[in-house]
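Please look over the model shown here, with attention to how its strands pair and how its interior side chains are arranged.

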Amino acid sequence: MGRLVKDPEVRYTQEHLAVARYTLAVNKKVQQGQAEADFIPCIAFGKTAQVAENYFNKGRQIVIVGRLQIRSWENESGQRQWTTEIVVEEQYFTGSKNQESNHQQTYSYGNSGDGSYHNPTTPKGFYPVSEEEDLAF
């Protein structure tokens with residue numbers, strides 16, 4: 001769980017597949033009164049990337065589920081470069097509708113009137129973002 005450092009950057013492949021890249025600032029446990037964060041690069045594909053493009057913005061708090069990917073390539077100078085990133089498999093909005101409406105948008109997600117989405121498999125206060133769902137925003 002973290003906050004988006006900036007708006008997602010989305011590009012499309014020649015096959016029209018959306019690829020979104022974004023960075024999450026994830027708070028570390030406070031040590032000696034100093035709050036610190038890790039900055040975690042994330043990459044999403046397909047409809048997951050399109051949702052990020054359309055509904056995620058700088059400062060939004062989200063939760064992701066994914067897998068760690070380490071990859072390498074050669075740069076223009078012939079040197080080997082490495083990167084580590086999270087390949088996003090699931091992503092969730094966090095907080096209540098009321099908190100999010102203060103941020104930028106109000107999300108209508110089939111809640112029961114208390115600002116939270118109720119689903120037995122989704123923790124209270126998390127809003128699932130599914131590839132199959134038609135988001136009613």
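The report below moves from strand pairing to the aromatic residues, the nonpolar core, a buried charged residue and a loop position.

**Strand pairing**

The structure is a predicted model. Strand 5 and strand 6 run antiparallel and are joined by 13 bridges, and within this pairing Val63 has Tyr92 of strand 6 as its bridge partner. The hairpin that these two strands form has 5 residues between the strands, and Gly78 in that hairpin adopts a positive phi near 85 degrees. Strand 6 also pairs with strand 4, here in the parallel sense and over 2 bridges, while Ile43 stands opposite Val87 of strand 6.

**Aromatic pairs**

The structure contains 2 aromatic pairs, whose geometry is set out in the table.

| Pair | Centre to centre | Angle between planes | Type |
|---|---|---|---|
| Tyr22 and Phe56 | 6.0 Å | 80 degrees | edge-to-face |
| Phe56 and Phe93 | 5.5 Å | 85 degrees | edge-to-face |

Tyr22 belongs to strand 3 (residues 18-27), whereas Phe56 sits in the loop between helix 1 (46-55) and strand 5 (61-74), so their pairing ties together parts of the chain that are 34 residues apart in sequence. Phe93 lies in strand 6 (residues 80-94), and because Phe56 is in the loop between helix 1 and strand 5, the pair of Phe56 and Phe93 ties together parts that are 37 residues apart in sequence. Tyr22, Phe56 and Phe93 together form one aromatic cluster. Tyr22 has a relative accessibility of 3% and therefore counts as buried; Phe56 is likewise buried, with a relative accessible area of 4%, and Phe93 is buried as well.

**The nonpolar core**

In soluble globular proteins, nonpolar side chains tend to be buried together. The largest nonpolar core of this model has 17 residues, and those with the most contacts inside it are Tyr22, Leu24, Cys42, Phe56, Ile62 and Ile64. At least two residues of this core come from each of strand 3, strand 4 (37-45), helix 1, strand 5 and strand 6. Which residues does Cys42 contact, leaving aside its neighbours within four places in sequence? Its contacts are Ala20, Arg21, Tyr22, Leu24, Ile64, Ile86 and Val88.

**A buried glutamate**

Glu85 is located in strand 6, and with a relative accessible area of 3% this residue is buried. Which side chains make polar contacts with that of Glu85? The side chain of Arg21 does so at 3.1 Å, and the side chain of Gln69 is joined to that of Glu85 by a polar contact of 2.7 Å. When residues up to four places away in sequence are not counted, Glu85 touches Arg21, Pro41, Ile43, Arg67, Leu68, Gln69 and Arg71. Two of the residues named earlier recur in this list: Arg21, which is also in contact with Cys42, and Ile43, which stands opposite Val87 in strand 6.

**A loop residue with positive phi**

His16 is found in the loop between strand 2 (9-12) and strand 3. Phi of His16 is near 70 degrees, which is a positive value in a residue other than glycine. Is His16 buried or exposed? His16 has a relative accessible area of 67%, and because the cut-off for an exposed residue is over 50%, His16 is classed as exposed.

How values were computed. Residues numbered from 1 in each chain as written. Heavy atoms only, no water. Phe/Tyr/Trp six-rings, centres within 6.5 Å; stacked < 30°, edge-to-face > 60°. Helix = DSSP H or I, 4+ residues; strand = E, 2+ residues; numbered from the N terminus. Buried < 20%, exposed > 50% of the residue type's maximum accessible area, 1.4 Å probe, protein only. Core = buried A, V, L, I, M, F, W, Y, C linked by side-chain atoms within 4.5 Å. Contact = heavy atoms within 4.5 Å. Polar contact = N/O pair within 3.5 Å; in protein donor to acceptor, adjacent residues only side chain to side chain. Pairing = 2+ DSSP bridges.
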